[in-house]
Amino acid sequence: MHSDRAMVSPKATSVANRPRLKYIVAAAQTSTAEKMLQFYPELRGLEIERGAPLIGGYSPAADSLAVATDDPGVLTHELAHAVNLRRSTLYRKLLQLTGALSKINRRVATTSADLVQNLVQDDAKRNDLLNTMSGVSAMLAAPRLMEELNASSSALRWLGDDNAAADKMRSALSAYVRQALGPIAVYQTAKSEFDPARR
Ligand SMILES: [Zn+2]
């Protein structure tokens with residue numbers, strides 16, 4: 001998945017088409033962001049705004065990017081999302097739909113597992129059901145997970161030798177993976193407690 005295009009292509013967009021950096025906190029962000037904005041035609045017309053603390057990010061629904069941190073890795077990662085999501089409407093809709101369902105799934109996983117444990121008496125049937133719920137959880141989480149991996153690997157290439165930003169991004173990514181796969185752990189744990197093979 002490595003890009004063989006040159007990292008900076010000055011002719012990619014004309015000045016008039018260039019996105020506007022309304023809000024950039026740190027100089028380190030400006031240099032990488034400028035390079036990306038010039039390189040990707042998908043970023044034309046995108047405005048970067050100041051985000052409220054903890055609500056930074058690229059919003060596909062509003063097609064807006066806001067950052068509230070001076071970490072160059074965050075802006076680079078969000079710009080990579082903007083590139084991917086602005087490239088395809090179908091892909092954007094898939095991510096929005098599976099993302100919304102995945103969010104609901106994370107909220108109800110513990111309650112759902114409890115219900116299955118209490119209502120389905122037959123061990124084999126209960127394990128089958130919990131396996132199916134794990135499978136559906138994986139399907140719902142997969143598109144967003146792939147998008148996060150994709151945005152992070154793209155950002156890591158753009159960050160070059162900024163190791164501090166790269167380390168922060170890697171740890172944010174592993175936290176995201178744990179969160180995304182949480183429901184699967186819940187369903188699998190509910191299964192094994194009652195799995196006769198494990199007794
Ligand atoms: Zn992300």
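This report walks through the fold, two helix pairings and the nonpolar core of a predicted model.

## The overall layout

Let's start with the parts list. The protein has six helices and four strands. Reading from the N terminus, the elements go β-α-β-β-β-α-α-α-α-α, so if you follow the chain along, a run of helices closes the order.

How much of the protein is buried? Of its 199 residues, 29% are buried. As for who touches whom, take the contacts between residues at least 6 apart in sequence: 71% of those join residues at least 24 apart.

## Helices α3 and α4

Now look at α3, which covers residues 89-119, and α4, which covers residues 123-159. Their axes sit 9 Å apart, and the two helices pack at an angle of about 155°. Why call this pair roughly antiparallel? Because angles over 145 degrees count that way, α3 is roughly antiparallel to α4. The crossing of α3 past α4 is left-handed.

If you want to find the contact on screen, on the α3 side pick out L94, L95, T98, G99, L101, S102, N105, S112, A113, V116 and Q117. Facing them from α4 are R126, L129, L130, M133, S137, L140, A141, P143, R144 and E147. Sorted by class, this contact holds eleven nonpolar, seven polar and three charged residues.

## Helices α4 and α5

Helix α4 also packs with α5, this time at an angle of about 175° and with the axes 10 Å apart. That angle makes α4 roughly antiparallel to α5.

From α4, the contact uses A141, R144, L145, E148, S152, A155, L156 and L159. From α5 come A165, A166, M169, L173, Y176, V177 and A180. Here the classes split into twelve nonpolar, one polar and two charged residues. You may recognise A141 and R144: both are listed in the contact of α4 with α3 and in the contact of α4 with α5.

## The nonpolar core

In soluble globular proteins, nonpolar side chains tend to be buried together. In this model, the largest nonpolar core has 25 residues. Which of them touch the most other members? That would be M36, L43, L65, L79, A82 and V83.

Several elements chip in. At least two residues each come from α1 (27-39), β4 (64-67), α2 (72-87), α4 and α5 (163-180). The largest share belongs to α2, which supplies seven residues. So α4 and α5, besides packing with each other, both feed this core.

Note on methods
Residues are numbered from 1 along each chain as its sequence is written. This is a predicted model: local features need pLDDT of at least 70, side-chain atom pairs count only at pLDDT 80 or more; totals for chains, interfaces and linings use all residues. A residue is buried if 20 or more other C-beta atoms lie within 10 Å of its own, exposed if 12 or fewer, and partly exposed in between; C-beta atoms are placed from the backbone. Two residues are in contact if their C-beta atoms, placed from the backbone, lie within 7 Å. Axes are lines fitted to C-alpha atoms, for helices over the stretch in contact, and angles run from 0 to 180 degrees between N-to-C directions. Angles under 35 degrees count as roughly parallel, over 145 as roughly antiparallel, 65 to 115 as roughly perpendicular and the rest as oblique. A crossing is left-handed if the near helix is turned anticlockwise from the far one by less than a right angle, and right-handed if clockwise. Ala, Val, Leu, Ile, Met, Phe, Trp, Tyr, Cys and Pro count as nonpolar, Asp, Glu, Lys and Arg as charged, and the others, Gly among them, as polar. A nonpolar core is a set of buried Ala, Val, Leu, Ile, Met, Phe, Trp, Tyr and Cys residues joined through C-beta atoms within 7 Å.
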